[in-house]
Amino acid sequence: MNPIIAQFQDQPALIDEGQGAWLQTLLSAFGERMGVIEKAGAEKADDNFWYASDDWRSYLRPYVVKNGILHVPVKGLLLNDFPYAYGAWATGYEYIYQAIKRGVEDTNVKGIALVVNSGGGMVSGNFDLVDKIYAFRGKKPIRGFAAEHAYSAAYNIISASDHITVARTGGVGSIGVVVVAVEYSKMLEEAGITVNIIRSQPDKMEGNPYEKLSEGARERIQERVDAFHEQFAASVARNRDMSVEAVNATGARTFMAQQAIDNGLADEIGALDDAITAFGATLSEGDEQMAELTQVDLDNSKAAGKAEGLAEGIKQGAAEAMARISAILGSDAGKTRPTAALNAALKTSMSADEAGAFLATLGEESKPTAGAPEGMLRDAMRGQGAGIESDANAETDKTEMSRAAKTLAMVKG
């Protein structure tokens, strides 16, 4: 038995139950070609995952970028510990991860397309791959295209994309786990063959094909299947923003395009070429919008924000300056020393409390004087950051003096 087939023997698998013939055909045909693939792996000498484009082995690890979109095949039998994409026959989980990772890091790639046509594959490695794809969300657009079928393991992978398009004749689903336990006991008995199994413990080698499956073995296999199913349902629920109950309500059935949209397993119906072209158009629109924002809107936004901040600062500074002046002139010490108070308010940077303490050390003024020297209020306010310009004219000075006089009159009153 070839090693690929052996990995499915009596093991939980993410395979659609209707794909049995497909699975057998792929396993048989794939087994015949294992020599070529093993040779490619044996000749790999350096640490770089990718072959040079002129290396004959590069077709085993395709990296195809068209119009800024990386096409990642998810086709045939999906395998763990298989770092290749072998045409329509088989695709390895490691290859899928490495391709998406390279696409995310590649500045020439604007978006990533998962091109899927698979009836499923191995449990081992599948959930880890799906988690890694999900973690790439938001770094670059990742869309899934069920060119025909995306069942079981393949659906878990495509569900991790941002958006799922299904071909009119395609289908998705089969969210479930299965174990096929083959038993040859009757055939062996009819052939007169007896298999003697010597065990150190009663449950050792349970579920083997040479004897009838015990109830205990069946229960333990069922436990494993149920545990993997819980992980599968939770993964799809997270990826598709669905409840686990909604995922389980699909009953591990497969669904045609419109059915898949109705139950939340897909987003759109479309032919592969048309859907990818539309995907590329959205990426181009995004570039144009970003370019426009960068060149025009962003500059305007910065200028407007700066002007708004400056105006608000001036307004706040003026309010704080007037509050300080009023506090100094209105203090007990300031009321009996109005001229000194006005000078302290307009010609020093003392706070209201500091000015009040200073004024209290001075003698009281015998005759209060209203007003202030020409330009004093303007110059002081400009020094306070209140936004009064240096080229203010004499008329402005008169207005300021008038306001100062009114302030003093209010204080005296």
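A salt bridge, for this tour, is a side-chain nitrogen of Lys or Arg within 4 Å of a carboxyl oxygen of Asp or Glu. Keep that cut-off handy, as several stops use it. What you have open is a predicted model, where local features need pLDDT of at least 70, side-chain atom pairs count only at pLDDT 80 or more, and totals for chains, interfaces and linings use all residues. Residues are numbered from 1 along each chain as its sequence is written, and side-chain values use heavy atoms, with hydrogens and water left out.

**The whole chain**

Start with a cartoon view. The protein chain has 16 helices and 11 strands; these are DSSP runs numbered from the N terminus, helices being H or I with at least four residues and strands E with at least two. Of the 413 residues, 40% are buried. Buried means under 20% relative accessible area, exposed means over 50%, and partly exposed is in between (1.4 Å probe, protein chains only). Among contacts (heavy atoms within 4.5 Å) with a separation of 6 or more, 67% involve residues 24 or more positions apart.

**Helix α4**

Select residues 93-105, then show Lys101 and Glu105. Their side chains meet in a salt bridge, 3.2 Å from N to O. Both sit in α4, 4 residues apart, about one turn of the helix. Glu105 counts as exposed because its relative accessibility is 55%, while Lys101, at 29%, counts as partly exposed.

**From α4 to α5**

Now add α5, residues 126-135. The axes of α4 and α5 come within 10 Å and cross at roughly 10 degrees. Axes here are lines fitted to C-alpha atoms, for helices over the stretch in contact, and angles run from 0 to 180 degrees between N-to-C directions. The two helices are therefore roughly parallel, a label for angles under 35 degrees. To see the contact, pick Tyr93, Ile96, Tyr97 and Ile100 of α4 along with Asn126, Leu129, Lys132 and Ile133 of α5. By class that is 6 nonpolar, 1 polar and 1 charged. Nonpolar covers Ala, Val, Leu, Ile, Met, Phe, Trp, Tyr, Cys and Pro; charged covers Asp, Glu, Lys and Arg; the others, Gly among them, are polar.

**From α5 to α8**

Keep α5 and bring in α8, residues 215-240. This pair packs at about 15 degrees, with axes 11 Å apart, so α5 and α8 are roughly parallel too. Color Phe127, Val130, Asp131 and Tyr134 on α5, and Phe228, Gln231, Phe232, Ser235, Arg238 and Asn239 on α8, to light up the contact. The class count is 5 nonpolar, 3 polar and 2 charged.

**More salt bridges**

The structure holds 8 salt bridges. Stay on α8 and zoom to Arg240, which pairs with Asp267, the closest N and O atoms being 2.9 Å apart. The partners are 27 residues apart, with Asp267 in the loop between α10 (257-262) and β11 (268-269). Arg240 is buried, with a relative accessible area of 12%, whereas Asp267 counts as partly exposed at 35%. Next, go to Arg57 and Asp55: their closest N and O atoms are 2.7 Å apart, and both residues are buried. Then select Asp203, Glu206 and Arg220, which are linked in a network of salt bridges.

**Last stop: α13**

How many residues of helix α13 (residues 338-347) are buried? The count is 7 of the 10, so α13 is largely enclosed by the rest of the structure. Show Pro338, Ala340, Ala341, Leu342, Ala344, Ala345 and Leu346 as sticks to pick out its buried residues.

Methods. Parallel < 35°, antiparallel > 145°, perpendicular 65-115°, else oblique.
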